[in-house]
Amino acid sequence: MACILHIETSTRVCSVAVSQDSAVIFDKADFEGPNHATVCAPFVAEALSFAERHAIPLDAVAVSSGPGSYTGLRIGVSTAKGVAYGRGVPLIDVSTLELLCVPVLLYHDDVPDDALFVPMLDARRMEVYAAVYDRALHARRQPAADIVDATTYAEWLNAGHVCFFGPGAAKCKAAINHPNAIFIDSIDPLAKYMQPLAEKALAQGCTADVAYMEPFYLKDFVATKPRDLLHTN
């Protein structure tokens, strides 16, 4: 199986990992940020040095492509492009919202089988960036900016269980008061969780153009209720 360098900088957390044979063999994360400009490059250098010391050739670079912080994504994507171009390996872009679903799928066995997943990234006030996925990560609703109140996800909640998680979910608990709502705490997009998504993309030949790949910044989303453009961090 492939050896992949993973870079995740879409939120305040900066993390880098290396996977080989479907296992994570290197993992570094900084939760004190945003410190991306300070820690991303050293983490990547350490990861590449680790692979070289173990004589593991790099096969691809995966990077979280947003939505997310403008500054964070620019740092992560530019770093990933530089490594991919310099090493002559493919670049893989991974959706931040899909990435948030991975630890829930892997480690939360108590989630009902028919539950839908709503990963949330934080914006100002009661605004989040979210999508709706089923357990197979098929998008039941594409990523969009939402202003959250009791009716925002009523269509899905009235039909069955819905899991809310990610950096934007905690502030929505009071607004989403529905018996089918499930909130899962402490879910961050981390590089170590990118492995299954990146390996699948690589196996399917779904790679990005190193020259032209651009991430999805928070500023690219407009609220699904009438309002000005949402805050960009």
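Glu8 sits in strand E1, which covers residues 3-8. This is a predicted model, and in it Glu8 is a charged side chain that is buried yet has no salt bridge. From there we can move on to the salt bridges that do form, then to a five-stranded sheet, and finally to helix H5.

**Glu8 and its surroundings**

- How far away is the nearest side chain of opposite charge to Glu8? That side chain belongs to Arg12, and it is 12 Å away.
- A salt bridge needs a side-chain nitrogen of Lys or Arg within 4 Å of a carboxyl oxygen of Asp or Glu, so a gap of 12 Å from Glu8 to Arg12 doesn't qualify.
- Glu8 does have a polar partner, though: its side chain and the side chain of Ser10 are joined by a polar contact of 2.6 Å.
- Skip the neighbours within four places in sequence, and Glu8 still touches plenty of residues, among them Val13, Cys14, Ser15 and Ser64.
- The contacts of Glu8 also include Thr96, Leu99, Pro189, Leu190, Ala191 and Met194.

**Salt bridges**

- How many salt bridges are there? The count comes to six.
- One of them links the side chains of Arg87 and Glu52, with N and O 2.8 Å apart.
- Arg87 belongs to helix H2 (residues 70-87) and Glu52 to helix H1 (residues 36-53), so this pair ties together parts that are 35 residues apart in sequence.
- Both ends of that bridge are in the middle category for exposure: Arg87 is partly exposed at 39% relative accessibility, and Glu52 is partly exposed at 49%.
- Asp185 and Lys173 also meet through their side chains in a salt bridge, at 3.2 Å from N to O.
- Asp185 is in the loop between E10 and helix H5 (195-203), while Lys173 is in the loop between E9 and E10, so the pair connects parts that are twelve residues apart in sequence.
- Asp185 is partly exposed, with 48% relative accessibility, and Lys173 is partly exposed too, with 38%.
- Arg141 and Asp146 make another salt bridge, and their closest N and O atoms are 3.1 Å apart.
- Is Asp146 buried or exposed? Asp146 counts as buried because its relative accessibility is 0%.

**The five-stranded sheet**

- Five strands build an open sheet, lined up in the order E8-E7-E6-E9-E10, and the pairing is mixed.
- Which strands are at the edges? They are E8 (139-147) and E10 (181-184), each of which pairs on one side only.
- From one strand to the next, the twist averages 20°.
- As a bit of background, strands of a sheet pair through backbone hydrogen bonds, either parallel or antiparallel.
- Strand E7 (residues 127-133) pairs with E8 in the antiparallel sense, over six bridges.
- Asp146 turns up again here: it is the bridge partner in E8 of Val128.
- Helix H3 (residues 96-107) lies across E6 (116-122), E7, E8, E9 (162-165) and E10. H3 runs at about 125° to E6.

**Helix H5**

- Which residues of H5 are buried? Gln195, Leu197, Ala198, Glu199 and Ala201 are buried in this helix.
- The cover over the buried residues of H5 includes E1, E2 (14-20), E4 (60-64), E5 (91-94) and H3.
- E1, part of that cover, is also the strand that holds Glu8.
- After H5 comes Gly205, which has a positive phi, near 75°.

How values were computed: Residues numbered from 1 in each chain as written. Predicted model: local features only at pLDDT ≥ 70, side-chain atom pairs only at ≥ 80, totals over all residues. Heavy atoms only, no water. Pairing = 2+ DSSP bridges. Helix = DSSP H or I, 4+ residues; strand = E, 2+ residues; numbered from the N terminus. Axes fitted to C-alpha atoms, helices over the stretch in contact; angles between N-to-C directions. Contact = heavy atoms within 4.5 Å. Buried < 20%, exposed > 50% of the residue type's maximum accessible area, 1.4 Å probe, protein only. Lys, Arg positive; Asp, Glu negative; His and termini not counted. Polar contact = N/O pair within 3.5 Å; in protein donor to acceptor, adjacent residues only side chain to side chain.
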